[in-house]
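Reader: I should like to learn how to read the features of a model such as this one. Could we proceed feature by feature, with the general idea before the case?

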Amino acid sequence: MVGSDVVLNCIYTKESSFDLKDLFVYWQIGVADKLMIVTYYLPQNRSARHYNNQYKDRAHLSLDSMKRGDFSLHLYNVTPQDEQKFNCIVFQKAQRILDVVVTLHVAAPYSMPMVSTPSGTPEGEELTITCTSMGGYPRPNVFWINKTDNSLLDEALQNSTVSVNALGLYDVVSVLRVRWTPNLNVDCCIENVLLLQNLTSSQTEETETLMGTKDSITKNPEDTHERRTGATGTQVAVPVVLLLGAVLAAAAAVWAYRRCPRHWTYTAGARAARPELQLTDHA
């Protein structure tokens, strides 16, 4: 999760004891001529760690752990730019003993969508409804739903703009234009595929501004967008456990499908599936 700390595993299991003076350890990202060193260890500079500026003070190797064959990278205050393939290469003297690629997937939950519309629109006139959600990752999917029959509204009626904010997270503004009727009742749903997150806020003809919550909708709310602050004082998502147990995963899936109709959520062929929120090692 954005703002959390993570350990990227790189462990040698064939030996349990190493002499640091025999080791050369490199963590890097990129490919071919675009390689970027994250951090590395050289025996002649035992107390020094060398960083690229992007990872200065955020990437750490434990000398004590390396003596036991654990060359894992400790990465602090994860950002969206850290969604990379990290390559761990370890030499013992002149022999390469480890070459591991760890893929880090990054996510951040979106804020509850706020839906607003101008008041006093005459019946039969075009009504403009705006849905806003902020601070999520990766890029969201946006749906407008007709609650009378639970169907998706025509994409031609809507225009969604997704932008990247100063923190590298996505903000989305979706505008729906429909004819006003007394029984108008639509939902705006923001979907984060990686987190199985569906956030829905309703709009009816009786309400001018609505903020969605897990169980209710409030009229004309004050600013309830929570600010999540990390060690550097920037807005980040609250860290959560990276690896979810089977029970929690099942509960999350049930909640996601309860929030938005199953017949259109995660439909086959609609989009490529993202991997689960975990680290995957490829030797």
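Author: Let us begin with accessibility: a residue is buried under 20% relative accessible area, exposed over 50%, and partly exposed in between, with a 1.4 Å probe and protein chains only. By that criterion C131 and C188 are both buried. The model is a predicted one, in which local features need pLDDT of at least 70 and side-chain atom pairs count only at pLDDT 80 or more, while totals for chains, interfaces and linings use all residues. Residues are numbered from 1 along each chain as its sequence is written, and side-chain values use heavy atoms, with hydrogens and water left out.

Reader: How many disulfides does a search of the whole structure find?

Author: A disulfide is a covalent bond between the sulfur atoms of two cysteines. The criterion here is a pair of cysteine sulfur atoms within 2.5 Å, and the search of the whole structure yields two. One of them joins C10 to C88, with the sulfur atoms 2.0 Å apart. C10 lies in the loop between strand 1 (6-8) and strand 2 (23-29) and C88 in strand 7 (residues 85-92), so this pair ties together parts 78 residues apart in sequence. Strands are DSSP runs of E with at least two residues, numbered from the N terminus. C10 and C88 are both buried.

Reader: Where do C131 and C188 lie?

Author: C131 and C188 form a disulfide with their sulfur atoms 2.0 Å apart. This pair links distant parts of the chain, C131 being in strand 10 and C188 in strand 15 (residues 185-192), 57 residues apart. The torsion about the S-S bond of C131 and C188 is about -75 degrees, so the disulfide is left-handed.

Reader: Which strands does strand 10 pair with?

Author: Two strands pair if DSSP finds at least two bridges between them. Strand 10 (residues 126-136) pairs with strand 9 (residues 114-116) in the antiparallel sense over three bridges; M114 has T132 of strand 10 as its bridge partner. Strand 10 also runs antiparallel to strand 14 (residues 170-179), to which nine bridges join it. There, C131 has S174 of strand 14 as its bridge partner.

Reader: How many salt bridges does the structure hold?

Author: A salt bridge is a side-chain nitrogen of Lys or Arg within 4 Å of a carboxyl oxygen of Asp or Glu. The structure holds three. In one, D82 meets R58, the closest N and O atoms being 2.9 Å apart. D82 lies in the loop between strand 6 (73-75) and strand 7 and R58 in the loop between strand 4 (50-51) and strand 5 (59-60), so the pair ties together parts 24 residues apart in sequence. Both D82 and R58 are buried.

Reader: Are D99 and R96 buried or partly exposed?

Author: D99 and R96 form a salt bridge at 2.8 Å, N to O. D99 is partly exposed, with a relative accessible area of 34%, and R96, at 45%, is partly exposed as well. K21 and D19 form another salt bridge, with the closest N and O atoms 2.3 Å apart.

Reader: What should one note about the backbone?

Author: Y137 and P138 are joined by a cis peptide bond, with omega about 0 degrees; P138 lies in the loop between strand 10 and strand 11 (141-146). D57, a residue other than glycine, has a positive phi near 70 degrees. D57 is placed in the loop between strand 4 and strand 5 and is exposed at 66% relative accessibility.

Note on methods: Helix = DSSP H or I, 4+ residues; strand = E, 2+ residues; numbered from the N terminus.
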